[in-house]
Amino acid sequence: MGYLVALDDGHGMKTPGKRTPIFPAHSGLEGETKQGYMHENEFNRAVVAKCKAHLERSGINVLLTAPGDDDPSLTDRTNLANSKGADLFVSVHANAYTGTWGSAKGVETYCYPGSKKGRAFAAVLHKYLIEHTYQVNRGVREADFAVLRQTNMPAALVEAAFMDNLEEATLLVSDAFRSECAEEIARGVCEYLCVEFVEETIKKPDIRPTVHKVAIAVNGKLIEVSGFMREGNSFVPIRAIGDAAGTPVDWDINSGKVILNSVVLKTTVFVGETGYAWAREVAAVISHEIEWDGGTCTVNFKG
Ligand SMILES: [Zn+2]
């Protein structure tokens with residue numbers, strides 16, 4: 001049999017008013033829609049879908065209170081959960097303060113006033129959201145919301161971030177934040193039910209290319225700053241090599257390019273304040289040979 005958890009993606013795609021303000025032009029946001037704003041339901045439904053996968057992997061049955069594009073009434077949603085005997089009810093939302101861009105931000109989790117189980121459940125979800133999303137903590141709150149009042153089981157409503165805060169709206173459209181919220185809600189549900197959260201076996205692909213640290217030597221003498229390898233190419237700190245090889249390093253303020261030995265480097269990458277360039281280009285520019293020692297991951301520049 002097992003547990004049954006009702007997941008509610010508050011509102012529908014066409015629910016009037018439930019959306020972000022219009023994003024500033026050309027903000028280039030991931031998930032930015034053609035009409036220039038995000039429906040609240042786009043966030044809610046994405047989180048619910050991801051959360052469902054986590055719960056089912058962990059052996060918990062999931063009931064979606066509004067699986068399609070429609071916006072069933074709140075009573076339809078709670079009646080469904082009650083009639084199926086759901087053990088918990090979670091409603092996922094994004095918040096709004098004024099509806100125009102403002103500064104209200106953070107996560108809040110709601111329970112029904114005076115409900116001990118509801119508060120305990122909301123507190124567990126909130127704990128995970130606070131620990132892992134870096135959202136401002138607006139606390140566990142009580143509210144007489146229909147989905148909290150009409151449900152027979154412990155129920156919580158999560159307001160993950162504010163749609164009318166530009167910084168948080170950029171989170172709400174991002175797949176990473178949606179994934180994070182879904183995972184934390186699922187972890188909270190599992191903790192509340194004393195069910196082990198089963199980790200994903202296929203890890204999400206790392207969005208950064210694989211990076212390994214690389215030691216650097218000039219004429220056999222190790223320098224203190226290290227470089228890195230990315231997809232088989234070594235990148236080395238330009239300034240440190242220039243200094244060790246006695247080669248001038250300049251910076252062209254107009255173009256933002258690094259000039260090594262009077263040559264403008266083409267492969268510069270900045271990590272923080274430090275400029276790196278492809279080891280082969282640096283070697284060519286300073287007329288050195290490159291030796292690669294795979295055993296110690298060291299690039300040696302020989303002049
Ligand atoms: Zn909402």
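**View 1. Asn41 and its contacts in helix 1.** Leaving aside neighbours within four places in sequence, Asn41 is in contact with Asp9, Gly10, His11, Gly12, Met13 and Ala46. This view, like those that follow, comes from a predicted model. Asn41 has its place in helix 1. Is Asn41 buried or exposed? With a relative accessible area of 1%, Asn41 is buried.

**View 2. Glu196 in the loop after helix 6.** For a contrasting scene, look at Glu196, which sits in the loop between helix 6 and strand 7 (211-218). Its relative accessibility is 65%, so Glu196 counts as exposed. Which residues does Glu196 touch, once its neighbours within four places in sequence are left aside? They are Ser58 and Cys190. You can also use Glu196 as a landmark for Leu63: the two are 133 residues apart along the chain, and their C-alpha atoms are separated by 19 Å.

**View 3. A salt bridge between helix 6 and helix 1.** Here Asp175 and Lys50 form a salt bridge, with their closest N and O atoms 2.9 Å apart. The two residues belong to distant parts of the chain: Asp175 is in helix 6 (residues 175-193) and Lys50 in helix 1 (residues 40-57), a separation of 125 residues. Asp175 counts as partly exposed, at 38% relative accessibility. Lys50 is partly exposed too, with a relative accessible area of 23%.

**View 4. A salt bridge between strands 4 and 5.** Glu108 pairs with Arg141 in a salt bridge whose closest N and O atoms are 3.4 Å apart. Glu108 lies in strand 4 (residues 107-111) and Arg141 in strand 5 (residues 137-142), so this pair ties together parts that are 33 residues apart in sequence. How does the surroundings of each partner compare? Glu108 is buried, with a relative accessible area of 4%, whereas Arg141 is partly exposed at 32%.

**View 5. A salt bridge between strand 5 and helix 3.** Moving along strand 5 brings us to Glu142, which forms a salt bridge with Arg119. The closest N and O atoms of this pair are 3.7 Å apart. Because Glu142 lies in strand 5 and Arg119 in helix 3 (residues 116-133), the pair ties together parts that are 23 residues apart in sequence. Glu142 counts as partly exposed, at 40% relative accessibility. Arg119 is likewise partly exposed, at 35%. Elsewhere, salt bridges with shared partners join Asp8, Asp9, Asp71 and Arg77 into one network. How many salt bridges does the structure hold? There are 15.

**View 6. The largest nonpolar core, with Val90 inside.** This core has 38 residues. Those with the most contacts inside it are Val5, Phe43, Leu55, Val90, Ile185 and Val189. Several elements each supply at least two of its residues, among them strand 1 (4-8), strand 3 (88-95), strand 6 (155-162) and helix 5 (166-172). Which element gives the largest share of this core? Helix 6 does, with eight residues. Val90 makes a good place to pause: not counting residues up to four places away in sequence, it touches Val5, Ala6, Leu7, Asp8, Phe121, Leu125, Ala156, Ile185 and Val189. There is also a second, separate core of 21 residues, which includes Val218, Ile238, Val285 and Ile286.

**View 7. The annotated domain at residues 78-190.** UniProt, in an unreviewed entry, lists residues 78-190 as "domain: MurNAc-LAA". Over this stretch the chain is 45% helix and 24% strand. The C-alpha atoms at its two ends are 21 Å apart.

**View 8. The whole protein, to place the close-ups.** Stepping back, you can find eight helices and 17 strands in the protein. Its C-alpha atoms fill a box of roughly 80 × 45 × 30 Å, taken along the principal axes. The radius of gyration is 26 Å, while a compact globule of 303 residues would have one near 19 Å. Of the 303 residues, 47% count as buried. Among contacts with a separation of 6 or more, 68% come from residues 24 or more positions apart. The accessible surface comes to about 15,700 Å², and 52% of that belongs to carbon and sulfur atoms.

Technical notes. Residues numbered from 1 in each chain as written. Predicted model: local features only at pLDDT ≥ 70, side-chain atom pairs only at ≥ 80, totals over all residues. Heavy atoms only, no water. UniProt positions renumbered as here; feature names shortened; annotations may be inferred. Helix = DSSP H or I, 4+ residues; strand = E, 2+ residues; numbered from the N terminus. Salt bridge = Lys/Arg side-chain N within 4 Å of Asp/Glu carboxyl O. Buried < 20%, exposed > 50% of the residue type's maximum accessible area, 1.4 Å probe, protein only. Rg over C-alpha atoms; globule rule 2.2 N^0.38 Å. Contact = heavy atoms within 4.5 Å. Areas by Shrake-Rupley, 256 points an atom, 1.4 Å probe, with all protein chains shown as cover. Core = buried A, V, L, I, M, F, W, Y, C linked by side-chain atoms within 4.5 Å.
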